[in-house]
Amino acid sequence: MNAIQTARYKAYSLALAYIKENEPVTSTVPIFAAVYTSAMATLDAISNTNKRKIENRKGVADNKQQHQDSLSAQAQSIASVIGTYSTIQKDPVLKEAMNFSKSELFYGPDQLLNEKSANILTKTKELAASLKDYGITPALIASFESQLKDYSGTINEPRNVALERKQAVMQIKDLFSQLKLLFTEQLDPLMQLFKTDNRDFYEQYLLKRSIVDPSSRKTRVEGTVTDKRTGKALPGATVLVKDTDFITSTPDDGSYSLNVPGIKQVPVTCQKDGYKPVTKQAILKRGQPTILDMELEET
């Protein structure tokens, strides 16, 4: 998961954990359990897909490293024997062809180790009869050839891993979209049922539900303006940050949202003709909306 997805995952996890802790409250709404179960299953699917992606990539890297270490060591050993043979045979061309440094084989690029090992194997097979006296047996040659084949296979594995990783990334993206819909279209509306009778529970849910976006530099205060007596949304109310130009008005659903620069505590005032104005303090946090609902009382 990227940084933004990680932030979303954390917020969704906190919100679902809070719902679970307050099961006696949510159980008063029969459908709540089913929606919670669906959301939890989707959250688990995100976690499992991400874990599989990480383990798959790590497993391939570890496997490749093991083959690389083993092949490098055997190639270095056989090349050294052939180098000794070339010295005795006074063959400078062969000696130069087998003149590999340890760092070239152990720490060089994948393709370099593959090519040099293939060259060593070719020469070893050509000189197999002469190299028997130097301890290069047919079994050792077969082992070296098998090591080279295994390593050549691991070079191509990262391509397959890249494809699998791309698929996992898309799956995670789709799962987050599904989870977002579960919250916005089902859990969030259901939580509205507790807004009046169990306001503390509702507001704590909103806090845990808030997603901190680490890439965002904006701060935002948002909420809903309602009539204190009836609890109904109030359209046409003015919401502003005192002594600034940051101002907005509420539509039919009484909601508002204000982007305010800086991370600080600011006074937010709500007013409407025929109602007493209300001012509340909002503590702004970067990347995280501050929920500030307003209730206006008729004059």
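User: Is lysine 125 buried, partly exposed or exposed, and what is its relative accessible area?
Analyst: This is a predicted model, and the class of lysine 125 is read from its computed accessibility. Buried means under 20% relative accessible area and exposed means over 50%, with partly exposed in between. Lysine 125 therefore counts as partly exposed, with a relative accessible area of 43%.

User: With which residue does lysine 125 form a salt bridge?
Analyst: Side chains of opposite charge can pair when their charged atoms come close. For lysine 125, the closest N and O atoms of the salt bridge are 2.9 Å apart, and the partner is glutamate 145. This pair links distant parts of the chain, 20 residues apart, with lysine 125 in helix α6 and its partner in helix α8. At 35% relative accessibility the partner counts as partly exposed, and it is glutamate 145.

User: How many residues apart are lysine 123 and glutamate 126 in helix α6?
Analyst: The side chains of lysine 123 and glutamate 126 meet in a salt bridge, at 3.6 Å from N to O. An α-helix has 3.6 residues a turn, so residues three or four places apart point the same way. Lysine 123 is partly exposed, with a relative accessible area of 31%, whereas glutamate 126, at 54%, counts as exposed. Both lie in helix α6, separated by about one turn of the helix, and the spacing is three residues.

User: What span does helix α6 reach from its first C-alpha to its last?
Analyst: Helix α6 covers residues 110–126, which amounts to 17 residues. At 1.5 Å a residue the expected value is 24 Å, and the span in the model is close to this, at 25 Å.

User: Which parts of the chain does the salt bridge between arginine 199 and aspartate 293 tie together, and how many residues apart are they in sequence?
Analyst: The side chains of arginine 199 and aspartate 293 meet at 3.5 Å, N to O. Arginine 199 lies in helix α9 (residues 199–209) and aspartate 293 in the loop between β7 (289–291) and β8, so the pair ties together parts of the chain that are distant in sequence by 94 residues.

User: Is aspartate 293 buried or exposed?
Analyst: Its salt-bridge partner, arginine 199, is partly exposed, with a relative accessible area of 25%. Aspartate 293 has a relative accessibility of 9%, and the cut-off for the buried class is under 20%. Aspartate 293 therefore counts as buried.

User: Which residues does threonine 26 contact, leaving aside its neighbours within four places in sequence?
Analyst: Threonine 26 lies in helix α2 (residues 23–26), and at a relative accessible area of 5% the residue is buried. Leaving aside neighbours within four places in sequence, threonine 26 is in contact with Ile19, Phe32, Phe194 and Phe201.

User: Which strands stand at the edges of the open sheet of four strands?
Analyst: The order of the sheet is β3-β2-β5-β6, with antiparallel pairing. Each edge strand has a single partner strand, so one side of each is left without a neighbour in the sheet, and these strands are β3 (247–249) and β6 (278–283).

User: Which residue in β5 stands opposite valine 241?
Analyst: Strand β2 (residues 238–241) and strand β5 (residues 265–271) run antiparallel and are joined by four bridges. In β5, the residue opposite valine 241 is valine 268.

Methods: Residues are numbered from 1 along each chain as its sequence is written. This is a predicted model: local features need pLDDT of at least 70, side-chain atom pairs count only at pLDDT 80 or more; totals for chains, interfaces and linings use all residues. Side-chain values use heavy atoms; hydrogens and water are left out. Helices (H or I, at least four residues) and strands (E, at least two) are DSSP runs, numbered from the N terminus. Buried means under 20% relative accessible area, exposed over 50%, partly exposed in between (1.4 Å probe, protein chains only). Contact means heavy atoms within 4.5 Å. The expected span of a helix is 1.5 Å times one less than its number of residues. A salt bridge is a side-chain nitrogen of Lys or Arg within 4 Å of a carboxyl oxygen of Asp or Glu. Two strands pair if DSSP finds at least two bridges between them.
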